[in-house]
Amino acid sequence: MEKIHKDILVKGKVQGVSFRASARHTANDLGITGEVRNLPDGSVFISAEGEEQQMESFIAWCRQGPALAKVTELVITVAPVQHYKSFEIVR
């Protein structure tokens, strides 16, 4: 299967709710590679790579996030594959 890359901007109450750690856990469970970081405006930015089915599952998780998160919007863009080896939290 071919890997795809999606950049996912997650808006809402997504900082201080373990969003990054939960995203890494979920990505690892699904076989998604990439990275996640907090942005200064309070949103979270994710670069994710995986097969189509895995990516759909990951994006579905991103729409909810962890229990304390309140996701209000996802902005998803397709980008070139970067060939990440793992899924990391960037601080």
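## Close-up views of a predicted model

**View 1. The hairpin of strand 2 and strand 3.** In this predicted model, strand 2 and strand 3 make a hairpin in which 5 residues lie between the two strands, and Gly42 in the turn has a positive phi of about 95 degrees. Strand 2 covers residues 33-38 and strand 3 covers residues 44-50. The two strands run antiparallel to each other and are joined over 6 bridges. Within this pairing, Glu35 has Ser47 of strand 3 as its bridge partner.

**View 2. Strand 2 beside strand 5.** Strand 2 also pairs with strand 5, here in the parallel sense and over 4 bridges. Phe87 in strand 5 is the bridge partner of Gly34. Strand 2 is thus shown with two pairings, antiparallel to strand 3 and parallel to strand 5.

**View 3. Surroundings of Ser43.** Ser43 lies in the loop that connects strand 2 to strand 3. Its relative accessibility is 4%, and Ser43 therefore counts as buried. With residues up to four places away in sequence left out, Ser43 touches Leu9, Val10, Lys11, Val14, Gln15, Arg37 and Asn38. Gln54 stands 11 residues from Ser43 in sequence, and the C-alpha atoms of these two residues are 23 Å apart in space.

**View 4. The annotated positions Arg20 and Asn38.** The unreviewed UniProt entry places the feature "active site" at Arg20 and Asn38. These positions are spread over 19 residues of sequence but cluster in space, the largest C-alpha distance being 7.9 Å. Arg20 belongs to helix 1, whereas Asn38 belongs to strand 2. Arg20 has a relative accessibility of 22% and so counts as partly exposed; Asn38, with a relative accessible area of 29%, is likewise partly exposed. Beyond neighbours up to four places away in sequence, Arg20 touches Val36, Arg37, Asn38, Ile89, Val90 and Arg91. On the same basis, Asn38 is in contact with Gln15, Arg20, Ser43 and Val44. The contact between Arg20 and Asn38 thus appears in the list for Arg20, and the contact between Asn38 and Ser43 appears in the list for Asn38.

**View 5. Helix 2 and its buried face.** Helix 2 comprises the 13 residues 52-64; at 1.5 Å a residue it should span 18 Å, which agrees with the 19 Å between its end C-alpha atoms. Met55, Phe58, Ile59, Trp61 and Cys62 are buried in helix 2. Viewed down the helix axis, the buried residues fall within an arc of 160 degrees, so they line one face of helix 2. Gln53 and Gln64, on the other side of helix 2, are exposed. The buried residues of helix 2 pack against strand 1 (4-13), helix 1 (19-30), strand 3, strand 4 (70-79) and strand 5 (87-90). Just after helix 2, Gly65 adopts a positive phi of about 75 degrees.

**View 6. Aromatic pairs around Trp61.** The count of aromatic pairs in the model comes to 3. In one of them, the rings of Phe19 and Trp61 have centres 5.2 Å apart and planes at 55 degrees, so this pair is tilted. The pair links distant parts of the chain, with Phe19 in helix 1 and Trp61 in helix 2, 42 residues apart. Both Phe19 and Trp61 are buried. Phe58 and Trp61 form a stacked aromatic pair, with 6.2 Å from centre to centre and 20 degrees between the planes. Because Phe58 and Trp61 are 3 residues apart in helix 2, about one helical turn separates them. An α-helix has 3.6 residues a turn, so residues three or four places apart point the same way. Phe58 has a relative accessible area of 0% and is buried; Trp61 has a relative accessible area of 18%, which counts as buried because the limit is under 20%. Phe19, Phe58, Trp61 and Phe87 form one aromatic cluster.

**View 7. The annotated domain as a whole.** The unreviewed UniProt entry carries the annotation "domain: Acylphosphatase-like" for residues 5-91. Over these residues the chain is 29% helix and 41% strand, and the end C-alpha atoms lie 21 Å apart.

Notes. Residues numbered from 1 in each chain as written. Predicted model: local features only at pLDDT ≥ 70, side-chain atom pairs only at ≥ 80, totals over all residues. Heavy atoms only, no water. UniProt positions renumbered as here; feature names shortened; annotations may be inferred. Buried < 20%, exposed > 50% of the residue type's maximum accessible area, 1.4 Å probe, protein only. Contact = heavy atoms within 4.5 Å. Expected span 1.5 Å × (residues − 1). Arc of directions from axis to C-beta. Pairing = 2+ DSSP bridges. Phe/Tyr/Trp six-rings, centres within 6.5 Å; stacked < 30°, edge-to-face > 60°.
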